[in-house]
There are 2 protein chains.
Amino acid sequence: MPENVPLDTVDLRILRVLQNDARITNRDLAAAVHLAPSTCLDRVRRLRDAGVITGYTVRLDAGALGRPLQAFIAVRVQPHRRPLVAEFVAHARALPEVRAVFHLAGPDDFLVHVAVPGVGDLQRLVLDEFTARPEVSHVHTNLIFEQWDGPPLLPPVSPRASPPSPARSPRPR
Amino acid sequence: MPENVPLDTVDLRILRVLQNDARITNRDLAAAVHLAPSTCLDRVRRLRDAGVITGYTVRLDAGALGRPLQAFIAVRVQPHRRPLVAEFVAHARALPEVRAVFHLAGPDDFLVHVAVPGVGDLQRLVLDEFTARPEVSHVHTNLIFEQWDGPPLLPPVSPRASPPSPARSPRPR
DNA sequence: GCATGGGCCGAACGATATCCGGCGTGGGCC
DNA sequence: GGCCCACGCCGGATATCGTTCGGCCCATGC
């Protein structure tokens with residue numbers, strides 16, 4: 001729904017800071033972007049209302065939670081029609097081992113990102129939850145050795161945007 | 001580093017709530033899990049110190065940020081040796097379009113999750129940033145139609161854990 | 001020059017985070 | 001069986017914070 005909301009430099013800085021620590025106090029966030037707390041609150045609320053910020057969440061260590069093994073399971077669904085697709089997605093999303101489901105364009109229709117305690121659980125998942133389903137025509141599994149985040153999800157911000165100049169100009173529309 | 005930290009039902013409930021809204025006040029979080037605010041603060045701090053909680057972040061809408069197109073780029077690196085692998089990962093992670101990098105066991109060595117403004121950017125990324133590199137032997141791109149989150153990253157919690165019984169027993173070790 | 005809209009700010013009030021001392025329970029040890 | 005210790009939990013107190021509100025100031029359009 002939200003498409004290409006106009007963001008200025010201050011918005012981007014806010015998002016960058018929040019992405020690094022979403023539980024920062026509004027006061028500290030305001031200081032970090034050189035705004036008054038009240039103004040900063042306005043900005044954040046606007047970003048939420050605009051749909052840019054869709055929520056706040058906690059980053060968890062899957063290994064510490066007893067699920068150190070992660071993998072991508074590629075799945076082909078045949079026939080590849082809406083009812084079957086929807087059903088498959090619903091089924092996959094409901095599995096507690098599933099972290100994310102991607103519907104792809106390509107030879108494989110889906111990529112299912114899973115986190116499990118051990119190899120046995122992975123096997124069970126593939127055999128009982130995927131290949132056992134009639135609409136699933138093909139499955140292959142890729143173990144994840146290691147993973148890394150990319151940079152914060154932001155257009156490059158010019159580094160000169162630091163000085164606390166009031167700059168009381170209208171925001172881009 | 002953190003491996004299989006013991007978690008009780010209350011911890012799991014805390015994580016579930018935080019995963020749904022990481023900016024909830026400690027007071028409300030405490031109420032949601034039937035604890036005193038001070039005790040709840042202790043719990044959360046312990047989860048952070050134990051490495052279960054690795055941080056708090058904001059969920060952003062890539063489309064609203066002007067990058068509605070997402071894809072997985074599968075990459076083969078040859079020869080597949082540590083120095084080249086490290087170099088490739090560093091390069092990929094530094095690209096602003098990259099959301100995550102996965103090192104895989106399988107025919108493809110890496111899966112790079114990217115978000116871009118349009119098809120042209122995707123093409124540029126593949127040609128200039130991946131196939132142009134000498135260690136990259138093969139690249140193929142899968143567009144992401146749609147994606148969904150799985151359930152909260154938690155072992156199933158028994159639903160009976162709601163009543164506010166003091167239950168002043170020692171936590172599992 | 002004047003009216004208008006919007007962004008920004010500061011003060012104030014209510015709510016919150018956080019620390020601390022103490023209590024009660026359960027388990028280990030003798 | 002009885003004692004001691006460790007630990008989880010709580011409630012109160014203080015400093016800090018979130019949030020609202022009214023008003024200022026600049027930029028724009030007429």
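Here are some short exercises, with worked solutions, on a predicted model of two protein chains and two DNA strands.

**Exercise 1. Describe the fold of chain A: how many helices and strands are there, and in what pattern do they follow along the sequence?**

Step 1. Start with the count: chain A holds 5 helices and 5 strands.

Step 2. Now walk along the sequence, where the pattern reads α-α-α-β-β-α-β-β-α-β.

Step 3. Next, look at how the chain meets itself. Take the contacts in chain A between residues at least 6 apart in sequence: 66% of them join residues at least 24 apart.

**Exercise 2. Work out what percentage of the residues in chain A are buried, and what part of the accessible surface belongs to carbon and sulfur atoms.**

Step 1. Chain A has 173 residues, and 45% of them are buried. Buried here means under 20% relative accessible area.

Step 2. Turning to the outside, the accessible surface of chain A is about 9,000 Å². Carbon and sulfur atoms account for 54% of that area.

**Exercise 3. Find the rotation that superposes chain B on chain A, and say how the two copies are related.**

Step 1. Chain B is superposed on chain A by a rotation of 180°, with 0.0 Å of shift along the axis and an RMSD of 0.0 Å.

Step 2. The two copies are therefore related as by a two-fold rotation axis.

Step 3. Check the contact residues too: 100% of those in chain B recur in chain A, so the same surface serves both copies.

**Exercise 4. Explore the surface near DNA strand D: which residues are closest, and which helix gives the most?**

Step 1. List the neighbours. DNA strand D is surrounded by 14 residues, the closest being A:Asn26, A:Arg27, B:Ser38, B:Arg43 and B:Arg46.

Step 2. Sort the surface near DNA strand D by class, and you get 4 nonpolar, 5 polar and 5 charged residues.

Step 3. Place the residues on helices. Helix H2 (26–32) and helix H3 (37–49) of chain A, along with helix H3 (37–49) of chain B, each supply at least two residues of this surface. H3(B) gives the most, with 4 residues.

Step 4. Ask which part of the DNA is approached. Of the atoms of DNA strand D within 4 Å of the protein, 74% belong to sugar or phosphate, and the rest belong to bases.

Step 5. Zoom in on phosphate oxygens of DNA strand D. One is 2.9 Å from a polar backbone atom of A:Arg27. The backbone of B:Ala36 places an N or O atom 3.0 Å from a phosphate oxygen, and the side chain of B:Thr39 has an N or O atom 3.1 Å from one.

**Exercise 5. Repeat the search for DNA strand C: which residues come nearest, and which helix gives the most?**

Step 1. Among 14 residues around DNA strand C, those that come nearest are A:Ala36, A:Ser38, A:Arg43, B:Asn26 and B:Arg27.

Step 2. H3 of chain A, and helix H2 (26–32) and H3 of chain B, each supply at least two residues of the surface near DNA strand C. H3(A) gives the most, with 4 residues.

Step 3. Sugar or phosphate accounts for 74% of the atoms of DNA strand C within 4 Å of the protein, with the rest in bases.

Step 4. Finish with phosphate oxygens of DNA strand C. A polar backbone atom of A:Ala36 is 3.0 Å from one, a polar side-chain atom of A:Thr39 is 3.1 Å from one, and a polar side-chain atom of B:Arg45 is 3.3 Å from one.

Key: Residues are numbered from 1 along each chain as its sequence is written. Chains are lettered from A and ligands numbered from 1 in the order in which they are written. This is a predicted model: local features need pLDDT of at least 70, side-chain atom pairs count only at pLDDT 80 or more; totals for chains, interfaces and linings use all residues. Side-chain values use heavy atoms; hydrogens and water are left out. A residue is near a molecule or strand if one of its heavy atoms lies within 4 Å of it. A polar contact is a pair of N or O atoms within 3.5 Å; within protein, one must be able to donate a hydrogen and the other to accept it, and residues adjacent in sequence count only if both atoms are side-chain atoms. Ala, Val, Leu, Ile, Met, Phe, Trp, Tyr, Cys and Pro count as nonpolar, Asp, Glu, Lys and Arg as charged, and the others, Gly among them, as polar. Copies are superposed by least squares on the C-alpha atoms of residues with pLDDT of at least 70 in both. Contact means heavy atoms within 4.5 Å. Buried means under 20% relative accessible area, exposed over 50%, partly exposed in between (1.4 Å probe, protein chains only). Accessible areas come from the Shrake-Rupley method with a 1.4 Å probe; for residues, only the protein chains shown count as cover.
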